[in-house]
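Visitor: I am new to this structure, and I would like to be taken through it slowly.

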Amino acid sequence: MKLRRVVFDLMVYESVDELEQEDQVLMREAVKARQNAYSPYSKFNVGAAVLLDNDEIVIGNNQENASYPSGLCAERVAIFYASAKFPGVGVKAIAISATSKNFVVNKPAAPCGNCRQSISEYEIRQMRPISIIMSGETGEILKCNSVADILPLAFNSTFLE
């Protein structure tokens, strides 16, 4: 038996003002996007903003459905829309911000497993990392350099060959 340790760098910021300018703009767009989320069941609003290589920012927010599996998370709405609107344009970063109508979200909201897998597909396709910036309503902001950091053993096309 071998033991392998998986580690990654995680940047921790006390406020959006500590982020680099480009990341500040992206996070503010994610915060705006969450205001239009459709979350009548969970009351948990998530906004995402994707920064593309052409410097366009594409937003998305969670869209719920009474049949829960039919809804979509903000991250996938944003990245799928970015790919549809700007096919072939690479993704630099994605910012995610969450709030709730029931309580204060005081820690960063990380992408769910489905979103991590979807972002991973784009990262693999473009052959370079996509940084992920995460926030709640208040509290710290986290940034990692790649979805591979938070999904180190991702399923990918090599398993299908």
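What follows is a conversation about strands, salt bridges, backbone angles and surface.

Guide: This is a predicted model, in which local features need pLDDT of at least 70 and side-chain atom pairs count only at pLDDT 80 or more, while totals for chains, interfaces and linings use all residues. Residues are numbered from 1 along each chain as its sequence is written, and side-chain values use heavy atoms, with hydrogens and water left out.

Visitor: Is strand β4 largely enclosed or open, and how many of its ten residues are buried?
Guide: A residue is called buried under 20% relative accessible area, exposed over 50%, and partly exposed in between, using a 1.4 Å probe and protein chains only. Strands are DSSP runs of E with at least two residues, and helices are runs of H or I with at least four, both numbered from the N terminus. Strand β4 covers residues 91-100 and is largely enclosed by the rest of the structure, because the number of its ten residues that are buried is nine.

Visitor: Over how many bridges does β4 pair with β2, and how many join β4 to β5?
Guide: Two strands are said to pair if DSSP finds at least two bridges between them. The pairing of β2 with β4 is antiparallel, and in it alanine 49 has alanine 95 of β4 as its bridge partner. By contrast, β4 and β5 run parallel, with serine 97 bridged to serine 135 in β5. The counts are nine bridges for β2 with β4 and five for β4 with β5.

Visitor: Which residue in the turn of the hairpin formed by β2 and β3 has a positive phi?
Guide: The strands β2 and β3 pair in the antiparallel sense over five bridges, and valine 50 stands opposite valine 58 in β3. Four residues lie between the two strands of this hairpin, in the loop that separates β2 (44-52) from β3 (57-61). The residue in the turn with a positive phi, of about 70°, is aspartate 55.

Visitor: What is the phi of methionine 127, and is this residue buried or exposed?
Guide: Most residues other than glycine have a negative phi. Methionine 127 has a positive one although it is not a glycine, and its place is the loop between α3 (113-126) and β5 (131-135). With a relative accessibility of 74%, methionine 127 counts as exposed, and its phi is about 60°.

Visitor: Which residue shares a salt bridge with lysine 143?
Guide: A salt bridge here is a side-chain nitrogen of Lys or Arg within 4 Å of a carboxyl oxygen of Asp or Glu. Lysine 143 belongs to strand β6 (residues 141-144) and is buried, since its relative accessible area is 10%. Its partner lies in helix α1, 120 residues away along the chain, and is likewise buried, at 5% relative accessible area. The N to O distance is 2.5 Å, and the partner is aspartate 23.

Visitor: How far apart are the closest N and O atoms of arginine 28 and aspartate 17?
Guide: This pair links helix α1 (residues 21-34), where arginine 28 sits, to the loop between β1 and α1, where aspartate 17 sits, eleven residues apart. Arginine 28 is partly exposed at 38% relative accessibility, whereas aspartate 17 is exposed at 55%. Their salt bridge brings the closest N and O atoms to 3.1 Å.

Visitor: How many salt bridges does the structure hold?
Guide: Another of them joins the side chains of glutamate 29 and lysine 32 at 3.0 Å, N to O; because these residues are three apart in helix α1, about one helical turn separates them. A network of salt bridges also links Glu22, Asp55 and Lys92. The number of salt bridges in the structure is six.

Visitor: What accessible area do Phe8, Leu10 and Val12 have together?
Guide: Patches are made of residues with over 30% relative accessible area and no salt bridge, where like charges are joined within 9 Å and nonpolar side chains (Val, Leu, Ile, Met, Phe, Trp, Tyr) within 5 Å. Accessible areas come from the Shrake-Rupley method with a 1.4 Å probe, and for residues only the protein chains shown count as cover. Phenylalanine 8 lies in the segment before β1 (10-13) and is partly exposed, at 34% relative accessible area. Phe8, Leu10 and Val12 form a nonpolar patch on the surface, with a joint accessible area of about 230 Å².
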